[in-house]
Amino acid sequence: MTNPRGPRAFRPSRVFMGSLSHGEDLLAGLTSICRQEEIRSGRIEGLGAVSKANLGFYDQDRRAYHSIELASPLEILSLKGNISLKEGEPFVHAHLTLSDASGRAFGGHLALGTVVFAFEYVIEAWEGPVLERRFDETTGLFLWDGGGGL
Amino acid sequence: MTNPRGPRAFRPSRVFMGSLSHGEDLLAGLTSICRQEEIRSGRIEGLGAVSKANLGFYDQDRRAYHSIELASPLEILSLKGNISLKEGEPFVHAHLTLSDASGRAFGGHLALGTVVFAFEYVIEAWEGPVLERRFDETTGLFLWDGGGGL
Amino acid sequence: MTNPRGPRAFRPSRVFMGSLSHGEDLLAGLTSICRQEEIRSGRIEGLGAVSKANLGFYDQDRRAYHSIELASPLEILSLKGNISLKEGEPFVHAHLTLSDASGRAFGGHLALGTVVFAFEYVIEAWEGPVLERRFDETTGLFLWDGGGGL
């Protein structure tokens, strides 16, 4: 990759599969694994169920997250996330898709306060360049510096 | 991995991409591929459409699945699943996200009776330790023994 | 693989992680990366947010897509797609799951006209056989010739 604004190429190195503990905080649990295994770049996914969820929705006009609390048991249809660095530490950015007893789907940005009923994850760790999150003036979010576009 | 309760590390070995046949049962079709290819550990994903869906929602209080039947054509926004062993055989655990003609999303645990209109899958097979599903007293589900938490 | 109708096996070769630019067309941006990197087979995923979305729903009876326009900011809970060839060029087939400010989820087939607010992707490129999309009489879709079933 000679274009510093182009997509960054990584090499797959390790794959982890496992489950979080019943009652554990979903985001804290995943972050803990990534820090313990020293994963600086990678992807994360999973499925399972929560006893309650705390999600964020980013208000693009006001440039702030607001919280969506779902205080009942829900299936996790999909957790999708990535791992990069923020302030030098492994950082998990993940979005969650959930469903209720009638099959309706909900979702948002995974925040602390989402409690695991059962959760099975796959985490892939890569070797390669470092992607570090920095404040982005355009969106108000912490994005990868120089990683955008072609 | 010296911690028997920690995440299990695998090595990627094979990737399969292909499609199921029109009219095939989605869960049975995926399970058949995993057994034919002797995949004991891995991940599975896909997108496409169904002519009808049969989903499960796990009632965490009553500790039983109930069925959600969606008897109309729907897009498959995401199938996300994993492959491990149950009673010594490759077993697919997958959750499905669907959408209707108005764009509303639905989903749940993939059960038999979900019929493929068109489906394109990616299956990744790994080498490594065996994760076997066993009955878990806490949740009433068949989970990976010793795979939880840190 | 001796069965020409069976699943096709690939070898992982490259992984890309990066972000699209604010204001970019989501499908055009991903297609551009796949063509520039000459990715003929692979998978694609991502999360982020859009300022508006243009989705398709396939009417299985009328054998035609109709459009679903969502003209407001939404979270991208999941983009899931694959990369193969169509008319000799790398072609992205992707489905999108979105959520609104109340947490309700929506989705459909990703079409041109979906505008990136922020988007972080993972693209995996594989080496192996060529999967080429061709018109399928049964469904009216462009599917992989000979890739179906077992």
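## Polar contacts between chains C and A

Let's start where chain C meets chain A in this predicted model. Across that interface, 14 residue pairs are in polar contact, counting pairs with both residues at pLDDT 80 or more. On the chain C side, six elements each supply at least two residues that touch chain A: strand 1 (8–20), helix 1 (26–36), strand 2 (42–59), strand 4 (74–86), strand 5 (89–99) and strand 7 (115–127). Strand 2 of chain C gives the most to this side, with eight residues.

Charged pairs also take part, with three salt bridges found across the interface of chain C and chain A. One of them joins the side chains of A:Arg43 and C:Glu45, at 2.7 Å from N to O. The contact as a whole takes 44 residues from chain C and 43 residues from chain A. Together the two chains bury about 3,400 Å², and 61% of that lies on carbon and sulfur atoms.

## The contact between chains A and B

Now for the contact of chain A with chain B. Here 44 residues come from chain A and 43 residues from chain B. The buried area is about 3,400 Å², with carbon and sulfur atoms giving 61% of it. If you are looking for the main contributors on chain A, they are A:Met17, A:Phe117 and A:Glu120, which supply 22% of the area that chain A buries against chain B, more than any other three residues.

There are three salt bridges between chain A and chain B, including one between the side chains of B:Arg43 and A:Glu45, at 2.7 Å from N to O. The polar contacts number 15 residue pairs, again with both residues at pLDDT 80 or more. Strand 1 (8–20), helix 1 (26–36), strand 2 (42–59), strand 4 (74–86), strand 5 (89–99) and strand 7 (115–127) of chain A each supply at least two residues of the side that touches chain B. Strand 2 of chain A gives the most, with eight residues.

## How the copies are arranged

A turn of 120 degrees, with a shift of 0.0 Å along the axis, lays chain A on chain B with an RMSD of 0.0 Å. This is the relation of a three-fold axis. Within chain A, the residue that comes closest to the rotation axis is A:Ala105, whose C-alpha is 3.1 Å away.

Which surfaces do the copies use to meet? Only 14% of the interface residues of chain A are also interface residues in chain B, so the copies meet through different surfaces.

## Two buried residues in chain C

C:Ala118 sits in strand 7 of chain C and counts as buried, at 9% relative accessibility. Beyond its neighbours within four places in sequence, C:Ala118 contacts A:Leu141 and A:Leu143 from chain A, along with C:Leu47, C:Gly48 and C:Ala49 from its own chain. C:Pro129 is eleven residues from C:Ala118 in sequence and 33 Å from it in space, C-alpha to C-alpha.

C:Asn54 belongs to strand 2 of chain C. At 17% relative accessibility, C:Asn54 is buried too, because the cut-off is under 20%. A polar atom of the C:Asn54 side chain lies 2.8 Å from the backbone oxygen of C:Leu112. Leaving out residues up to four places away in sequence, C:Asn54 touches a set of residues that includes C:Ser67, C:Ile68, C:Glu69, C:His109 and C:Thr114.

## Cysteines

How many disulfides does a search of the whole structure find? The count is zero over all chains. B:Cys34 is buried, with a relative accessible area of 0%, and C:Cys34 is likewise buried, at 0%.

Methods. Residues are numbered from 1 along each chain as its sequence is written. Chains are lettered from A and ligands numbered from 1 in the order in which they are written. This is a predicted model: local features need pLDDT of at least 70, side-chain atom pairs count only at pLDDT 80 or more; totals for chains, interfaces and linings use all residues. Side-chain values use heavy atoms; hydrogens and water are left out. Copies are superposed by least squares on the C-alpha atoms of residues with pLDDT of at least 70 in both. Contact means heavy atoms within 4.5 Å. A disulfide is a pair of cysteine sulfur atoms within 2.5 Å. Buried means under 20% relative accessible area, exposed over 50%, partly exposed in between (1.4 Å probe, protein chains only). Buried area is the accessible area (1.4 Å probe) that two parts lose on being put together, summed over both. A salt bridge is a side-chain nitrogen of Lys or Arg within 4 Å of a carboxyl oxygen of Asp or Glu. A polar contact is a pair of N or O atoms within 3.5 Å; within protein, one must be able to donate a hydrogen and the other to accept it, and residues adjacent in sequence count only if both atoms are side-chain atoms. Helices (H or I, at least four residues) and strands (E, at least two) are DSSP runs, numbered from the N terminus.
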